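The following questions and answers introduce a structure to a reader who has not met it before. Each answer sets a value against the term that it is meant to satisfy.

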Amino acid sequence: MQPNRITKLFGTKYPIVQGGMIWCGGWRLASAVSNAGGLGLVSAGSMNFDVFQHHVSRCKEATKKPFGVNISLTGDMSQHMEYVIDQKVPIVFTSAGSPKLWTQKLQGHGIKVVHVVPSCKLALKCEAAGVNAVVAEGFEAGGHNGLEEITTMTLIPQVRQALSPEIPLLAAGGIATGSAMLAAMALGADGVQVGTRFAVTKESSAAEAFKKRCTTAGEADTWLTLKQLMPTRMILNEYGKEARQLSDSGASKEQLAEFRGKGRTRRGMFDGDVNKGELEIGQIVSMCKDIPSAAEVVERMVKEFADCNAQLSKIKL
C-alpha cells in the first residue's frame with residue numbers, strides 16, 4: 001500500500017483505524033492495532049477517569065507507534081481531555097456533541113482531531129470547526145448510530161462531494177475486509193475505521209462469551225433499535241428482541257430508559273450475559289467467524305486489498 005493522506009496525517013503504515021468501541025477498546029487492543037501498522041484507539045466511552053488514565057498509560061508503554069483516544073462529547077469530558085493534553089496523546093477522535101467544543105484547544109497543543117458523523121450536514125459542521133479529518137459512518141455500524149439510517153456506500157461519496165477536497169475522509173460502518181476497504185476508497189474515502197472486526201479479536205477487552213456469540217451471528221441478527229432513546233445497533237438476543245418490540249410499539253423515551261436500566265451494555269459486552277445484556281455490534285458481524293489477533297486482522301485486510309486491487313485492474317470495460 002502506498003502512503004496517502006491518512007497515513008501521513010497519523011504517521012501509520014496503513015490507513016486502517018480501530019473504531020472507538022465501549023467495553024472493547026482497551027489498551028491491549030489499541031496498542032496491538034498500532035503495532036500492526038494501523039491506528040489504535042483507547043475508547044473512553046466505558047471508562048471512568050481513573051480507568052481511562054490507566055489505559056492511556058499502559059498503551060504508551062505497549063507501543064511506540066502513534067495511537068489515539070476516542071472520546072464522546074455527550075457529557076462533561078473536560079477531565080479526560082486535560083489528561084490527553086497533559087500526556088501529549090497525538091490524536092483524538094471525537095463523536096456526538098459539537099466538534100467545536102474541543103477542536104481548537106486540542107490543536108493548539110499539537111493534537112490532531114477527527115470527528116465521527118452520520119451525515120453530510122454534520123460533516124460540514126466538522127469542516128467549519130476545522131477538524132483534521134472526518135469519519136463518515138453508515139448505519140451498518142454497531143452501537144450508537146444516526147437516525148438518518150444512511151448506508152456507508154451511499155454516505156461516503158456524498159460526504160466526499162460535500163467536503164473540501166483537502167479534508168481527509170475515513171469510511172466506517174460495515175467494513176471488515178480488504179475488499180470493503182478498497183470499495184470505500186473507490187467511493188472517495190482515504191482510509192477506513194473498523195469496529196466490529198476488531199471487537200471480535202483476542203486483544204479486545206470484551207467478554208469471551210460475547211466474542212463467541214458474535215462468531216455465530218447471521219446476516220440478519222442485528223437491528224437498529226431504541227430510536228426514541230438513542231439509536232443503537234445490537235444483536236437480537238433475548239433482550240434485543242424485547243427492546244425492538246418495545247421500540248417498534250412506539251414506547252416513549254422514558255419507557256425505553258426504564259426498560260434498559262443501567263449497566264445493560266456492560267452486562268452484555270463486558271460481563272458476558274449474552275441473553276439479557278445489550279450486545280452492541282455491527283451488521284458485518286456475520287462475516288466474523290473466528291477470533292484472530294488484531295495483527296492478523298490488519299494483515300488479512302492489507303493482503304485482500306492488494307489482491308482485489310490487482311484483480312480489478314484486469315477488468316476492461
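A residue is called buried when its relative accessible area is under 20%, exposed when that area is over 50%, and partly exposed in between. The model discussed here is a predicted one.

Q: Why is Gln18 called buried?
A: The relative accessibility of Gln18 is 0%. Buried means under 20%, and Gln18 therefore counts as buried. Gln18 belongs to strand β1, which covers residues 16-18.

Q: What makes the approach of the Gln18 side chain to the backbone oxygen of Leu41 a polar contact?
A: A polar atom of the Gln18 side chain lies 2.8 Å from the backbone oxygen of Leu41. The cut-off for a polar contact is 3.5 Å, so this distance falls within it.

Q: Why is Gly250 called exposed or buried?
A: Gly250 has a relative accessible area of 55%. Exposed means over 50%, so Gly250 is exposed. Gly250 is located in the loop between α11 (238-248) and α12 (253-260). Its C-alpha atom is separated by 9.7 Å from that of Lys227, and the two residues are 23 residues apart along the chain.

Q: Why is Glu149 called partly exposed?
A: Glu149 has a relative accessibility of 32%. This value lies between the limits of 20% and 50%, and Glu149 therefore counts as partly exposed. The loop between β7 (143-144) and α7 (152-162) contains Glu149. Although Glu149 is not a glycine, its phi is positive, at about 55°.

Q: How do you know that Leu226 is buried?
A: The relative accessible area of Leu226 is 0%. The limit for a buried residue is under 20%, so Leu226 meets it. Leu226 sits in the loop between β10 (222-225) and β11. Its phi is near 55°, a positive value in a residue other than glycine.

Q: Why is Arg233 said to have no salt bridge?
A: The nearest side chain of opposite charge, that of Glu149, is 6.7 Å away from Arg233. A salt bridge requires a distance within 4 Å, so Arg233 has none, although Arg233 is buried. Arg233 lies in strand β11 (residues 232-235), and its side chain reaches the backbone oxygen of Phe139 at 2.9 Å.

Q: What makes up the lining of the second largest pocket, by class?
A: The lining has six nonpolar, seven polar and one charged residues. Of its 14 residues, Trp23, Ser46, Met47, Val51 and His55 lie nearest the centre of the pocket. At least two lining residues come from each of α3 (49-62) and α13 (264-270). The space in this second largest pocket is about 210 Å³.

Conventions
Residues are numbered from 1 along each chain as its sequence is written. This is a predicted model: local features need pLDDT of at least 70, side-chain atom pairs count only at pLDDT 80 or more; totals for chains, interfaces and linings use all residues. Side-chain values use heavy atoms; hydrogens and water are left out. Helices (H or I, at least four residues) and strands (E, at least two) are DSSP runs, numbered from the N terminus. Buried means under 20% relative accessible area, exposed over 50%, partly exposed in between (1.4 Å probe, protein chains only). Lys and Arg count as positive and Asp and Glu as negative; His and the chain ends are not counted. A polar contact is a pair of N or O atoms within 3.5 Å; within protein, one must be able to donate a hydrogen and the other to accept it, and residues adjacent in sequence count only if both atoms are side-chain atoms. On a 1 Å grid over the protein atoms alone, a cavity is a set of points where a 1.4 Å probe fits but cannot get out, and a pocket is an open set with protein on both sides within 12 Å along at least five of seven lines; lining residues have an atom within 4 Å of a point. Grid points are joined across faces, edges and corners, and a volume is the space filled by probe spheres set on the points. Ala, Val, Leu, Ile, Met, Phe, Trp, Tyr, Cys and Pro count as nonpolar, Asp, Glu, Lys and Arg as charged, and the others, Gly among them, as polar.
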